[in-house]
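Here is a quick tour for someone meeting this structure for the first time. Take a look at it, then read on.

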Amino acid sequence: MATPIPTVTAGDRPAPAAAAPAGPPTRRRIRFRPGVRHGFLLLAAFVWLLPVLWMVSMALTPNDVQQREPVGLLPDGLTWSNFADVFQLGLMLRWFGNSVVVTTAATVLTVAVCAMAGYAFAKLRFTGRRLLFAVVIAGLMVPREAMFVPLFLMFSDTGQQNTYQALFLPRVAFPLGVFIMTQFFSRVPDEYEEAARVDGAGPLRVFWSIMLPLARPAMASLAIFTFVLTWNDYLWPLVIATEQEMFTVTTGLASLQSNFAAATEIGSLMARGLIGSLPLVVLFLLFQRQLIRGITLGSGEK
Amino acid sequence: MAVTATTPPPSTVLAAPRTPRRSGRRRGDIAIALFFLAPFLAVYGLFVVWPVLQAGRMSFYDWDLLGYTREFTGFDNYRRMLWGTSMTWDLSHLAGLRAVVLAATAALVVRSVRRRARPLSTVGTGAAGLLAAALLGVHPGPGGGWNDPGFWTSVRHTAEFTAISTPILIGLGLAMALALRGQHRGTAFYRAAFFLPYVLPVSAVTLIWSFLLNPDRGLVAGGLQRLGIEPIAWLSDPQLAMWGIIATTVWWSVGLNLVLFLAGLQDIDPSLYEAASLDGAGAWHRFRHVTVPGLRHVTVLVAVTQLIASFQIFGQVYIMTRGGPGDATRVVIQHIYEAGFRNLQLGYAAAISLVFFLLMALVSAIQFRLTAREA
Amino acid sequence: MSSTHRRGALGRVLAAVTAAGLLAACGGNDTPADAGGADRSALAAVTDEQLKGATIRMARFFGDCEKTTTGVTDVAKATTECETIQILTNAFNAENKHGIKVERLGGAEWNTYYDTLNAAYAGGNPPDVAVMHASNLSDYAKRNLLLKLDEQLPVTGADIGDAAPAAKQGATYQDGTYGLPFDIHAALVHVNVDLFRKAGLVDAQGNPKIPTSAEEFLADAETLAAKTGKKYFGTARVKDGLGVHMWRSLIDQQGGSVLNEDRTKANVDSPEARTALDFMGKVFNGRYADPDQTYDAAQQAFLKGDTAMLMNGTWVVDQYDKEAPFEYRAADFPTLYEKPAIWGDSHMWVIPRQQSADPVKQRAALEFSSYLYGRSGDWAVHTGHLASRTSVLQSAEYKQAPQRANYVATGTTNANPVPPVSSWMAFNEALIARVDSIWFQNAPVDTALSDANRQLDTILAK
């Protein structure tokens, strides 16, 4: 999988309002008329999304039509039966449920655990803090994808193959998440905490009532990010959840891409792919700003 | 998925101003700190630290998946992975690659000297580079062969994939960001359109692209036919299969780089552009002297995260070609998976994982040094 | 003081984690040597009461075909492997007098089947009954992972003596029977008679002329290409083992083998091997045959009429018989050298040993496998596979099934079961990888074959 995980901004950085301004008239700048620019970009976006549009077209065409002739961008004989199949046949619904359970659990736990650790590293003083933090950061170097063999042994030896906890627990150890939350909390001025302490609040109270609400944007970004990553996880669910009932949407969809299904049930296959991706797309469209804010650079201070 | 740190380095993150404290808080603080840290440390220890240690341990065993054997075999697994019969060393083997390594080492050493870094680190860098170049000359002589040719094939393909796809992903991401920059109407829409593939699961992406590239049914084949070209069986052709995978990966992930570059572009101080244009600099000059330096941070970040992610590629290859045709697209993670689950040799799989981890750690460490210098 | 306190705490946490980890690793997964065993009396002692409503989990490949088989129990409606096995399972669930229910476990794909089975074993939770290839039996029997059936078969009355010799041999490991054979399957050639006719490659009765030597093969290929413009031959070489099966069969036909005499060392770099490679290079030159086809592509090309002769298995005979838009004939794979030989394998039903034996489940699994063994005639008739039972092979119903008369020789003499080597799975994988590297990565033949020998020797030595 060649999708990198980028860094995350700590906190709510306002997008710089003054981006490249319209330059002074003396500047020789190649500028396209807005219409041309829009037209070009629109075409580019359309071409870019062509594969997805084609997928929709295939999902809307009946299976037997496609056995004889491939279908183009426009569906050939509109039908909803492929989508109906998704919910009636096969285990797609079950896979969907599994993905929801695993991803939600991973997201909630990751955010909680990383927020707590981040607060501790940023705001609490204790000896060995730097050393421990360095150890945590060193964990970023561990290639998660490659370490599945010992992890597999650990879960299978304790009889936890094909369980939900096996699917989401390893995901919760997310050093980058701790890094993000630490970065965020370290930018929260100490005055907040001092004020609360003066009022007699203990550290737990401070964390719960003051820090967490402040951290909501960062936590939201981390949550969305973790959600996407966990939903799309392929290798680990493949290894640890071998019973068909415990597949996630991602591994389940992959299991259907065999020689035979390809030849006879393309429409249903495409419909499953679309339905399986739908939650992420919806999430993305709704929370676009949070997700993108979450992955923009935190290193604005050069 | 690959994760890596980025700037600023840990020390600056933790450098918050000290405030006066009443004594006697210290003991409470430690308990509180433990409370907050315990959940993370527990999962971290269990699922990040321990697997590495266990992989190290397992790599010295002939460890059968189904419990048939578990005997200590010392370095056998490493010998099998990395060695062969009739091994020799010569100067000309992989000459091109070694020249590149030497050049890179030279560049790093020069840079290190220019920045007046500690002599130890300069010497260290130089020595490491020379060692790497020397080691690359080891190879099986005539009449011999690697003990596990599949391993070296998978390393080669992983390296090829990374070397080809990384510049494309960076270059294309940058180009798209440049095209989209500015607060025009609809920027958010276009950005969303190009970013959309990134949120799709890998199996949906492979589904789409397997069919796109299918010579009998695909859009690509249809398009080519209209141009009068014979349909190409991308994923069955050993020369082209890797390009099919690269195309799939680029479509899938370039949106992320686009977003990162866009943010980086926004961070460039606009007054720099004004100053440059007042000095009479044309568009190209402004690009070279304002944009590129301004994006250096982001570029390094994108490059290294891309590198690390590409090395760990698995899903696209496994679903689309299973490493085929033949061995043409086999990658390292797949080799680990098959060694463990198909050939039942967990010890060997663990050994490969460990070597892979060390390699990734090395790359990450290099990144740390490079970006720490930048900060 | 606080610093040592902190470091101490950290140290203790790390120590605890490491200790837990090491302990977990030490526990490991013990080979269920006797834990999963069962003696005959235990299985025979299981009462009908206990069996009532027992549920067992079955693992199989053969694909997914829920849409066409839900609720169907009449095997006459089956047209493919998937439908046949699913309908037979449905029938068992509906009809068996004990009320045993069989659930299908796991994905139904071929190429991930054994990975999944291995993972299930590793997790201590293998299925109760599973299908297995004869070529893979030795890996599992050697590790004592399967129930030995000799003592148990009389409980259900399954007549193992009726099994065809090749099938029985496939289910045997070191003189023990570990599976109930379901079929024998081998590679055939599927012929587009119309194309052969068009090229004039037919005899007086209009039967397609199958070549009897390598030279004749190439000559016929040229004739067909010239007269019809289509490909003479085709098989799946990409992402499939059929190409390498063909190569191995050609070696066997010359009287050679990929193993040496006592099967302790590989013998891949032999004159027979090179002859076979050479021949295949001449065939898959793009004019006589397409060198880069996947299974799907090869099948499509044949059914569309672009390939005159397709090498594929017995499992598609019924399917092609129904679907081919031209006159279709199945035939024995051509004997191009001294003796007839073709790759063959067989399916059987095995009962994995569990970590803690449950005689009820084992008995239920035995009932199910015996039922399937009893109905293996239906399986053979509806799928094209060769029956695993002599009585079926000789029955009128079988002989009258479509095309069966045309490949009798395959079942009786030609099919070469896989050599009884205990690491055949790994051996075959490595062999396929090396040969594929010659075909698809331009590896020089000499290096590839000597590499192969070396790699295979290591595997055999284990």
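How many helices and strands does chain C have? Before the answer, some ground rules: this is a predicted model, in which local features need pLDDT of at least 70, side-chain atom pairs count only at pLDDT 80 or more, and totals for chains, interfaces and linings use all residues. Residues are numbered from 1 along each chain as its sequence is written, chains are lettered from A and ligands numbered from 1 in the order in which they are written, and side-chain values use heavy atoms, with hydrogens and water left out.

## Chain C as a whole

Chain C has 22 helices and twelve strands; these are DSSP runs, numbered from the N terminus, with at least four residues for a helix (H or I) and at least two for a strand (E). Its radius of gyration, taken over C-alpha atoms, is 25 Å. That is close to the 23 Å that the globule rule (2.2 Å times the number of residues to the power 0.38) gives for 462 residues, so chain C is as compact as a globular protein of that length.

Along its principal axes, the C-alpha trace of chain C spans about 90 × 65 × 45 Å. Of its 462 residues, 60% count as buried, meaning under 20% relative accessible area, while exposed is over 50% and partly exposed lies in between (1.4 Å probe, protein chains only). Now take the contacts in chain C (heavy atoms within 4.5 Å) between residues at least 6 apart in sequence: 77% of them join residues at least 24 apart.

## Two residues with positive phi

Most residues other than glycine have a negative phi. Asp175(C) has a positive one, near 70°. You'll find Asp175(C) in the loop between strand E4 (172–173) and strand E5 (176–177) of chain C, and it is exposed, at 75% relative accessible area.

Arg263(C) also has a positive phi, near 60°. Its loop runs between helix H12 (242–253) and helix H13 (271–283) of chain C, and Arg263(C) is partly exposed, with a relative accessible area of 40%.

## Where chains A and B meet

Over in the other two chains, 119 residues of chain A are in contact with 127 residues of chain B. The area buried between them (the accessible area, 1.4 Å probe, that two parts lose on being put together, summed over both) is about 11,600 Å², and carbon and sulfur atoms give 74% of that. On the chain A side, helix H1 (residues 34–59) gives the most, with 13 residues.
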